[in-house]
Amino acid sequence: MIWNCKAYPKIRAFLWRTCAQGLASGDNLARRQIPIDSSCRRCGHAFETSDHILLDCPFTRATWFGSNLSFIVPSDELPMLASVLKTWDQIRFPSKKGKAEVLSLFAFICWHLWLACNDLVFNQRVRSPIEVFNRAHQAHFRILQRESSSFSADSPPLGYLKLNCDASYIPSSGSGGFGIVIRNHEGAPIMAYSEPFKASSSLMAEALALRAGMCAILDANLVVFLWNQTAQSWFPS
Ligand SMILES: [Zn+2]
């Protein structure tokens, strides 16, 4: 689920690292015999674990509650990010899109809590919960905006499909590979594959990629309607 979350790759990697207990929190560093104060800089809790930073610290709880998610972190047991994400699919949302957007905002808040923690430790900069969730909201809004604008720019009109094909080429070995993707008007892939090949130039590699894309269209009995030179084409579905 982490890898499908609408967030920057660095944030997805950060969540994965956190669930694998690989975050450089005070507690984790102390366990690796690094001479460091393992307590929380904000509340003095003896063990600054990643789950404490992202869920359990009073500062963090205030951030979650003040955010657009108004999330009240359960206090009956030690909250764990891995458990929250594990049970995510069981939470009911009005729509699939809404569920994805909430998960995305959740990821951004985690990330900004972590940035605020680093700011405190390394720059002695004290941020407020309001600052943290505002920064997370803004970053989340930007990625949603970017996604909707790239969607409208990249998606073909209703009734058309779009072919993208591209190639990579390594001159020293003459080896390369191409990939093709055919998408519908919603931007959803309906066909995609890639193959390795041998070529003698990058131009040849690009040509082979285009050829593979055209063969895929012909094999599927689709007729090219519009073509341009950027290795993209729209055609009637
Ligand atoms: Zn704390």
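Modeller: A residue is buried if 20 or more other C-beta atoms lie within 10 Å of its own, exposed if 12 or fewer, and partly exposed in between, with C-beta atoms placed from the backbone. The model is predicted: local features need pLDDT of at least 70, side-chain atom pairs count only at pLDDT 80 or more, and totals for chains, interfaces and linings use all residues. Residues are numbered from 1 along each chain as its sequence is written.

Colleague: What does arginine 135 count as on that scale?

Modeller: Arginine 135 lies in helix α7. (Helices are DSSP runs of H or I, at least four residues; strands are runs of E, at least two; both are numbered from the N terminus.) Arginine 135 has 17 C-beta neighbours inside 10 Å, so it counts as partly exposed.

Colleague: How far is arginine 135 from phenylalanine 108, C-alpha to C-alpha?

Modeller: In sequence, the two are 27 residues apart. In space, the C-alpha separation of arginine 135 and phenylalanine 108 is 8.8 Å.

Colleague: What percentage of the protein counts as buried?

Modeller: The protein has 8 helices and 5 strands. From the N terminus, the order is α-α-α-α-α-α-α-β-β-β-α-β-β. Of its 237 residues, the share that counts as buried is 27%.

Colleague: Which helix gives the most to the largest nonpolar core?

Modeller: That core has 29 residues, with Ala107, Phe108, Ile109, Cys110, Leu113 and Trp114 making the most contacts inside it. (A nonpolar core is a set of buried Ala, Val, Leu, Ile, Met, Phe, Trp, Tyr and Cys residues joined through C-beta atoms within 7 Å.) At least two residues each come from α1 (9-19), α3 (50-56), α4 (58-66), α5 (81-86), α6 (96-123) and α7 (129-154). With 12 residues, the top contributor is α6.

Colleague: How many residues are in the second core?

Modeller: This core is separate from the other. Leu163, Ala167, Phe178 and Ala199 are among its members. Its residue count is 12.

Colleague: Which residues does phenylalanine 108 contact beyond its sequence neighbours?

Modeller: Contact requires C-beta atoms, placed from the backbone, within 7 Å. Neighbours within four places in sequence are left aside. The partners of phenylalanine 108 are then Ala7, Ile11, Ala136, Ala139 and His140.

Colleague: How are α1 and α6 oriented to each other?

Modeller: Their axes are 10 Å apart, at an angle of about 80 degrees. (Axes are lines fitted to C-alpha atoms over the stretch in contact, and angles run from 0 to 180 degrees between N-to-C directions.) Ile11, Phe14 and Leu15 of α1 meet Ala107, Phe108, Cys110, Trp111 and Trp114 of α6. Angles of 65 to 115 degrees count as roughly perpendicular, so α1 and α6 are roughly perpendicular.

Colleague: What end-to-end C-alpha distance does α6 have?

Modeller: The expected span is 1.5 Å times one less than the number of residues. For the 28 residues of α6, that should be 40 Å. The end C-alpha atoms agree, because they are apart by 40 Å.

Colleague: What phi does glutamine 124 take?

Modeller: Glutamine 124 comes just after α6. Its phi is positive, at about 55 degrees.

Colleague: Is glutamine 33 buried or exposed?

Modeller: Glutamine 33 lies in the loop between α2 and α3. Its phi is positive, near 65 degrees, though it is not a glycine. Only 7 other C-beta atoms lie within 10 Å, so glutamine 33 is exposed.

Colleague: How far apart are the C-alpha atoms of alanine 46 and aspartate 27?

Modeller: Alanine 46 is in the loop between α2 (26-31) and α3. It counts as exposed because it has 10 C-beta neighbours inside 10 Å. Alanine 46 and aspartate 27 are 19 residues apart along the chain, and their C-alpha separation is 8.6 Å.

Technical notes. Contact = placed C-beta atoms within 7 Å. Parallel < 35°, antiparallel > 145°, perpendicular 65-115°, else oblique.
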